[in-house]
Amino acid sequence: MAHAHHHQHPHHGHGHGHGHGHGLSAHGALRISLVLTAGFMFVEAFVGWYTGSLALLADAGHMLSDAGALGFALIAQRFATRARSARATFGYRRAEVLAAFLNGIALALISIWIGVEAVGRWWQPRVLVSSGLIETASAGFVINLLVAVVLSRSGGQNVNVRAALAHVLADLLGSLGAVIASLCVVFWQAYRADTVLSLLITVLVAHSGWRILKETSLVLLESAPGELDTSALAQTIRETEGVASFHDLHAWRISDGFDAVTVHVVLAARFHGVDVCQRVCQRVESAHGIRHVTVQPEAPPPDVLVQLGRSRASPRDA
C-alpha cells in the first residue's frame, strides 16, 4: 500500500554567522548571557547565605531559572543542527525537553524551601548582616538588565532567544524586589521586609517552575500541542478532496517548534493515494502550520469496491 510522507524542517534560526553588523549572533548572545547570569548567580547565592538575606537567595534561585532557560536555548541551538542517526531517528531534540523538566523540578524544590524558611522567619525575624546587601542586590539588577540588552540585540533572529529574553525581563522584577528588601534592612532595620519580598520573588520562581513542568510534561507524554485545535485539524483532513474517512489521527510535539501529525486516510473511489496524501499534507501545513505530516492511504472497503463494480457492469448487462 502506498505511503506518503511530507517533511520540511522547521525554521530554527541557528544564528551562526547571521549577524548584521550591529548585532550578535543568536549563539553568541546566548553564550554571553549564560556566563553573566550563571556567574553572578553564585555570587548572589553566597552573599545571601553570608548575610542571611532570603530575598537575595530567592533572587539567586530565580537567576538559576534564567540560567536554565539560557542553557536550554543553547542546547536547542546545538542539537537542532545535529544529524539524525540510526538509533535517534528524530535526532536529539528531546534532550532539551528532559533538561527543562529537571530544571522545573529544581525550581519547585527551591521555591518550597524558600517559602518554608520565610514563614519561619516571619515569626522569628533574623538580624541580617547589612554589609554588601545593597551592592549585591543592585549588581543583580544591573546584570539582568545587561543580559536583557545583549539578548535584545539578536532577539529578532531566533525564537529561543526571544523566549529567553522574556524570561530575563520577568527576572528584573525579582532583582528589583531584592534591592527594595536590602534598602529596608539597611536603612530601617525592617527585617520582615526581606521575608515578604523573598516570598514575592518565590512566587515568580514557582510560576516559572510550574510553567516549565507543565509544558515539558505535555511534550514527554506526547500530548497534542496546546495551541493546536485537534477538532479543526480533523475537519481539515475530513474536508480534503479524495478523503472518504480517516482514523488513527495523532498529533504531538517532538520539541519546541517541531510538531508532527500522522493519520490513516481511506480513499474515496477513483482517487489516487499519492495525490490525496499530498493534498492532506498541504492543507494541514497551510491551515495549522505543521510541516512534519505522515499520511497512510488505504483503499475503500471491499463492499464499496464490489458495489462500484456492479454499477459499472449493469449498463452493459441491460
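**A walk from helix α8 to a salt-bridge network**

Okay, let's start with one glycine: just after α8, G289 takes a positive phi of about 75°. When I say helix or strand, I mean a DSSP run, H or I of at least four residues for a helix and E of at least two for a strand, numbered from the N terminus.

Quick housekeeping. This is a predicted model, where local features need pLDDT of at least 70 and side-chain atom pairs count only at pLDDT 80 or more, while totals for chains, interfaces and linings use all residues. Residues are numbered from 1 along each chain as its sequence is written, and side-chain values use heavy atoms, with hydrogens and water left out.

Back to α8, residues 273-288. Its 16 residues, at 1.5 Å a residue, should span 22 Å, and the end C-alpha atoms are indeed 22 Å apart, so the two agree. That expected span is 1.5 Å times one less than the number of residues. Which residues of α8 are buried? They are G273, V276, C277, V280, C281 and V284. Looking down the axis, these buried residues fall within an arc of 135°, so they line one face of the helix; the arc is taken from the directions from the axis to the C-beta atoms. On the other side, Q282 and S286 are exposed. Buried here is under 20% relative accessible area, exposed is over 50%, and partly exposed is in between, with a 1.4 Å probe and protein chains only.

Now the inside. In soluble globular proteins, nonpolar side chains tend to be buried together. In this model, the largest nonpolar core has 21 residues, and L54, L56, A137, A178 and I201 have the most contacts inside it. A core is a set of buried Ala, Val, Leu, Ile, Met, Phe, Trp, Tyr and Cys residues joined through side-chain atoms within 4.5 Å. The elements giving two or more residues are α2 (54-80), α3 (94-123), α4 (133-152), α5 (159-188) and α6 (191-220), and α2 gives the most, 6 residues. Take A137: leaving aside residues up to four places away in sequence, A137 touches L56, S175, A178, V179 and S182, a contact being heavy atoms within 4.5 Å. There's also a second, separate core of 19 residues, with L233, V243, L267 and I290 among them.

Next, the hairpin. Strands β2 (residues 243-255) and β3 (residues 258-267) pair in the antiparallel sense over 9 bridges; pairing needs at least two DSSP bridges between the strands. S255 has F258 as its bridge partner in β3. There are 2 residues between the strands, and G257 takes a positive phi near 80°.

Last stop: the structure holds 4 salt bridges, each a side-chain nitrogen of Lys or Arg within 4 Å of a carboxyl oxygen of Asp or Glu. R253 meets E227 at 2.3 Å, N to O. R253 sits in strand β2 and E227 in the loop between α6 and α7 (230-238), so this pair ties together parts 26 residues apart in sequence. Buried or exposed, which is R253? R253 counts as buried, at 17% relative accessibility, whereas E227 is exposed at 59%. D259 also meets R253, at 2.6 Å, N to O, and E227, R253 and D259 are linked in a network.

One more brings us back to α8: R283 and E239 meet at 3.9 Å, N to O. R283 is in helix α8 and E239 in the loop between α7 and β2, 44 residues apart.
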